[in-house]
Amino acid sequence: MIIIGIAGGTGSGKTTVVKKIAETLPPDHVAVIPLDSYYNDTTNLTDEERRNINFDHPDAFDWDLLLKHIQLLRQGIAVEQPTYSYLISNRLPETIHIEPKQVMIIEGIMTLLMKKLRDLMDLKIFVDTDSDERLIRIIKRDILERGRTADMVMDRYIDVLKPMHQQFIEPTKRFADIIIPQGGDNEKAISIIKKYILQEVKNHI
């Protein structure tokens, strides 16, 4: 099994990079584990407390559960991945059944933050995109998918996203084996990564 970690700021193009890597492999050879699925269970909180959650702080994530699931997958044991809804700021009752695959991709803003998780990775990637471009993507995404207004998104970017990025996400760049500038638009970098993964898959057969 090859475990790949893909990190980068919100709106950097991580999902695009993941899709382009995954499409190189047969569907039954790859599985994606989104860090967003491992936000903490907030059932015990009030609606107001949920609305005040800082989703860009490490404390928002259930790291223990994520680490446990990756360790189980490495051992060849399937897991039930949580699902999370930004609309209710809590986990949904449904889970997603994840079988161990030849290539497991962990994707999220702080994927490279936790040393115990990094130590399980064979390849660590940081997707690096200009902050202005990320902001435009965040505004479009949050209006369409998370029910926020443009003003809400910009206020949140200034008050939360930008300082959290500088404090927790940007520093993890130093742990990356490969940094991809321009995110999912960097076809050359993605092509090199694809070739590396295909070669590693062959080596593990």
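What follows is a walk through a predicted model of a protein, from its overall build to its empty spaces and a few single residues.

The overall build comes first. The protein has seven helices and seven strands, and, read from the N terminus, these elements run β-α-β-α-α-β-β-β-α-β-α-α-β-α. The radius of gyration is 17 Å, close to the 17 Å given by the globule rule for 205 residues, so the protein is as compact as a globular protein of that length. Laid along the principal axes, the C-alpha atoms fill a box of roughly 50 × 35 × 30 Å.

How much of the protein is tucked away from the surface? Of the 205 residues, 48% count as buried. The accessible surface comes to about 10,600 Å², and carbon and sulfur atoms hold 52% of that area. As for how the chain meets itself, take the contacts with a separation of 6 or more: 75% of these join residues that sit 24 or more positions apart.

Next come the empty spaces. The count of cavities of 30 Å³ or more comes to one, and the largest cavity has a volume of about 50 Å³. Its lining is made up of Thr10, Asp56, Arg134, Ile138, Tyr157, Leu161, Lys162, His165 and Ile169. Two elements, α5 (131–145) and α6, each give two or more residues to this lining. Helix α6 supplies the largest share, with five residues. Sorted by class, the lining of the largest cavity holds four nonpolar, two polar and three charged residues.

The second largest pocket takes up about 440 Å³ of space. It is lined by 18 residues, and those closest to its centre are Arg50, Arg51, Phe55, Ser89 and Arg148. The elements that put two or more residues into this lining are α2 (47–51) and α6 (150–169). Which element gives the most to the lining of the second largest pocket? That is α6, with four residues. The pocket lining divides into seven nonpolar, three polar and eight charged residues. Helix α6 therefore turns up twice, as the top contributor to the largest cavity and to the second largest pocket.Serine 89, one of the residues closest to the centre of that pocket, deserves a look of its own. Serine 89 sits in the loop between β3 (79–85) and β4 (90–98). Is this loop residue, serine 89, buried or exposed? With a relative accessible area of 9%, under the 20% cut-off, serine 89 counts as buried. Setting aside neighbours within four places in sequence, serine 89 is in contact with Thr42, Arg50, Phe55 and Tyr84. Arg50 and Phe55 are also among the residues closest to the centre of the second largest pocket. Threonine 43 is 46 residues away from serine 89 in sequence, yet their C-alpha atoms are 9.3 Å apart in space.

Isoleucine 98 belongs to strand β4. At 8% relative accessibility, isoleucine 98 is buried too. Which residues does isoleucine 98 contact, once neighbours within four places in sequence are left aside? The list is Ala31, Ile33, Leu73, Ala78, Val79, Gln81 and Met104. Glutamate 80 lies 18 residues from isoleucine 98 along the chain, with 6.2 Å between the two C-alpha atoms.

Proline 163 brings the story back to helix α6, where this residue lies. Proline 163 has a relative accessible area of 29% and is partly exposed. Beyond neighbours within four places in sequence, proline 163 is in contact with Tyr157 and Ile158. Tyr157 is also one of the residues lining the largest cavity. Asp56, another residue of that lining, is 107 residues from proline 163 in sequence and 9.4 Å from it in space, C-alpha to C-alpha.

Leucine 113 is found in the loop between β5 (103–107) and α4 (115–118). At 28% relative accessibility, leucine 113 counts as partly exposed. Leaving out residues up to four places away in sequence, leucine 113 touches Pro58, Trp63, Arg118, Phe168 and Thr172. Lysine 195 is 82 residues from leucine 113 in sequence, and the two C-alpha atoms are 26 Å apart.

Note on methods:
Residues numbered from 1 in each chain as written. Predicted model: local features only at pLDDT ≥ 70, side-chain atom pairs only at ≥ 80, totals over all residues. Heavy atoms only, no water. Buried < 20%, exposed > 50% of the residue type's maximum accessible area, 1.4 Å probe, protein only. Contact = heavy atoms within 4.5 Å. 1 Å grid on protein atoms, 1.4 Å probe; cavity = no way out; pocket = protein on both sides within 12 Å on 5 of 7 lines; lining within 4 Å. Points joined across faces, edges and corners; volume = space filled by probe spheres on them. Nonpolar A, V, L, I, M, F, W, Y, C, P; charged D, E, K, R; others polar. Rg over C-alpha atoms; globule rule 2.2 N^0.38 Å. Areas by Shrake-Rupley, 256 points an atom, 1.4 Å probe, with all protein chains shown as cover.
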